[in-house]
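Student: Could you take me through one part of this structure closely, a single helix and whatever packs around it? I would like to see how that part connects to the rest of the chain.

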Amino acid sequence: MGCCVSTSSKSTCSSRSNGEMANPSCLEIGCCVHKKARRTFSDHVISLHHLASLPSRIFTNGKSRASCIFTQQGRKGINQDAMIVWEDFMSEDMTFCGVFDGHGPHGHLVARKVRDALPLKLLSFLHSSESKRNGSGKACFKGNVKPDNGDSQSQKDLSAEDKLNSTWREAFMKAYKSMDKELRSHPNLDCFCSGSTAVTIVKQGSNLFMGYIGDSRAVMGSKDSNDSMVAIQLTIDLKPDLPREAERIKRCKGRVFALQDEPEVPRVWLPFDDAPGLAMARAFGDFCLKEYGVISIPEFSHRLLTDKDQFVVLASDGVWDVLSNEEVVEIVSSAPTRSSAARILVDAAAREWKLKYPTSKMDDCAVVCLFLDGKMDTESDYDEQGFSSATLQSNHSGNPVESDDGLKSEPSLQRNFTVRSSEENEPNNGVQSIDVEDGASSADDQNWSGLEGVTRVNSLVQLPRFSEERPKS
């Protein structure tokens, strides 16, 4: 957003909107928070009701300066997917992207709550974390660090890069933890048997920071040495069949097994009931399983981008259930216009659902395409692809309307017996993935079936039926 925030609402200012040059120290991160401010940056924005009207934030079908997003409801009920692109997130060279796939009776509400609140929490914790590190009243740091060939200078730059990486990692961890805590105590949102995945990235200059839980996925399209487009998987599908995930769940008395009619889809079950059968090991919400091994702690990764890297695709599992990483990258790279890429990808997924699983209910699909060079098509090219100007206006008005508010209908909880064939997608060695529990590398998990395995469109089999006859521990 390019702003400075204090306890006074008059201090909120944008160098882009008023034409004035901001303080250089502020431009390094885009925001500075005065030490005496008692309210967080998140509280400040929400209290001013600016969130929905920010022109650089889109969350319905459309495009921004360097991205396009699109979602389509499946055939299971209300669309439980949510998505967001927030350009000028903290400075003009910073973009936040996220895709959230809800599940359970109130999954659509959980996904939208996370979509709105999680970016603000990330901002808030970034400011507070950096303020403590600097020991000053302002939170400022440079986000585009590249080591050069000089030994002493290279060592300094590496140290700066490590510090930057540590700051972002800490912010992601705290933001995800705070998000889950808020859901647990929310007075009007029942998250006991409902939850959401999250795959979130922040692009800052040549840095790409990623935090994710569940089985929504991020894939990058990049060019190899022969200038051919290749797919690089950036995240791991955090499912119960990953050895580390299964070990944690079993250690917490949760059970991991697959149903007889879907032997390749391990699920998480309560110790005293064959419910709910959650098909992921980490998620927001799902508090019926939080004491039994399901966690909301994200995996965190940092990647330095190169000129070969072209775009990043974030999508819910409705896309990955029927399309491989390579197919997704090929579809996006060959789209007639960049602004139509997300919609064309969702259309391709819908066709594949009909071809591969004609008797099954198509899952919801949500896609974010972020083009790393920051360029987009002309407005005329955009209009030719069938997006109306009203769609764009709804993204920039003070009262954006979502097509389904979830207040009159609930998603179907009927079981769905669809699987996709196994695919082998090797993780990219250039991504540094950190085990959030013990700090160790998760290389073993990256080579496991979380990158290959069979998935299902139904995240929950059934709601738990609690009784007084629970086994005593």
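Tutor: Happily, and let's begin with helix α8, which spans residues 325-333 and buries Asn325, Val328, Val329, Ile331 and Val332. Looking down the axis of α8, you will find these buried residues within an arc of 160 degrees, so they line one face of the helix. The general background is helpful here: an α-helix has 3.6 residues a turn, so residues three or four places apart point the same way. Please keep in mind throughout that this is a predicted model.

What lies over that buried face? The cover of the buried α8 residues includes the strands β9 (217-223), β10 (229-233), β16 (309-315) and β17 (365-371). Helices take part as well, among them α7 (317-320) and α9 (341-356).

Now turn to the sheet that holds those four strands. It is an open sheet of 6 strands with antiparallel pairing, and its order reads β2-β3-β17-β16-β9-β10. At the edges stand β2 (62-63) and β10, each with a single partner strand, so one side of each has no neighbour in the sheet. As a general point for reading such a sheet, the side chains of a regular strand alternate between its two faces.

Strand β9 is a good place to pause. Of its 7 residues, 6 are buried, so β9 is mostly covered. On one pairing, β9 runs antiparallel to β16 over 6 bridges, and there you can find methionine 220 opposite valine 312 of β16. On another, 5 bridges join β9 to β10, again antiparallel; here serine 222 has valine 230 in β10 as its bridge partner.

The link between these last two strands deserves its own look. β9 and β10 make a hairpin with 5 residues between them. Within that loop sits aspartate 227, and its phi is near 65 degrees, a positive value in a residue other than glycine. For context, most residues other than glycine have a negative phi, and most peptide bonds are trans.

Aspartate 227 has company in this respect. Lysine 253, in the loop between α6 (243-251) and β11 (255-257), has a phi near 75 degrees, which is also positive in a residue other than glycine. Lysine 253 is exposed, with a relative accessible area of 61%. Another backbone feature to inspect is the cis peptide bond from alanine 275 to proline 276, where omega is near -5 degrees. Proline 276 belongs to strand β13 (residues 276-278).

Back in the sheet, follow the order to β17 and its pairing with β3 (residues 67-72). These two strands are antiparallel and share 6 bridges; threonine 71 is set opposite alanine 366 in β17.

From here we can move to the nonpolar cores. The largest has 37 residues, and those with the most contacts inside it are Phe89, Leu122, Trp168, Leu183 and Phe284. Two or more residues each come from β4 (81-87), β5 (94-103), α4 (107-134), α5 (151-184), β7 (198-204) and β8 (207-213). A second, separate core has 30 residues, including Leu345, Val346, Trp353 and Tyr357. In general terms, nonpolar side chains of soluble globular proteins tend to be buried together.

A residue worth selecting in your viewer is threonine 95, which lies in strand β5. Threonine 95 is buried, with a relative accessible area of 11%. Leaving aside residues up to four places away in sequence, threonine 95 touches Val85, Trp86, Glu87, Phe89, Ile201, Val202, Lys203 and Leu370.

Aromatic residues are another thread to follow. One cluster is formed by Trp168, Phe172, Tyr176, Phe209, Phe284 and Phe300, and a search of the whole structure finds 12 aromatic pairs.

Finally, let's step back to the chain as a whole. It contains 12 helices and 18 strands, and 58% of its 473 residues count as buried. Among contacts between residues at least 6 apart in sequence, 75% join residues at least 24 apart. The accessible surface comes to about 20,400 Å², of which 49% belongs to carbon and sulfur atoms. To return to your request, α8 is the part to keep in view: its buried residues line one face of the helix, and their cover includes both strands and helices.

Definitions and conventions. Residues numbered from 1 in each chain as written. Predicted model: local features only at pLDDT ≥ 70, side-chain atom pairs only at ≥ 80, totals over all residues. Heavy atoms only, no water. Core = buried A, V, L, I, M, F, W, Y, C linked by side-chain atoms within 4.5 Å. Buried < 20%, exposed > 50% of the residue type's maximum accessible area, 1.4 Å probe, protein only. Contact = heavy atoms within 4.5 Å. Arc of directions from axis to C-beta. Phe/Tyr/Trp six-rings, centres within 6.5 Å; stacked < 30°, edge-to-face > 60°. Areas by Shrake-Rupley, 256 points an atom, 1.4 Å probe, with all protein chains shown as cover. Pairing = 2+ DSSP bridges.
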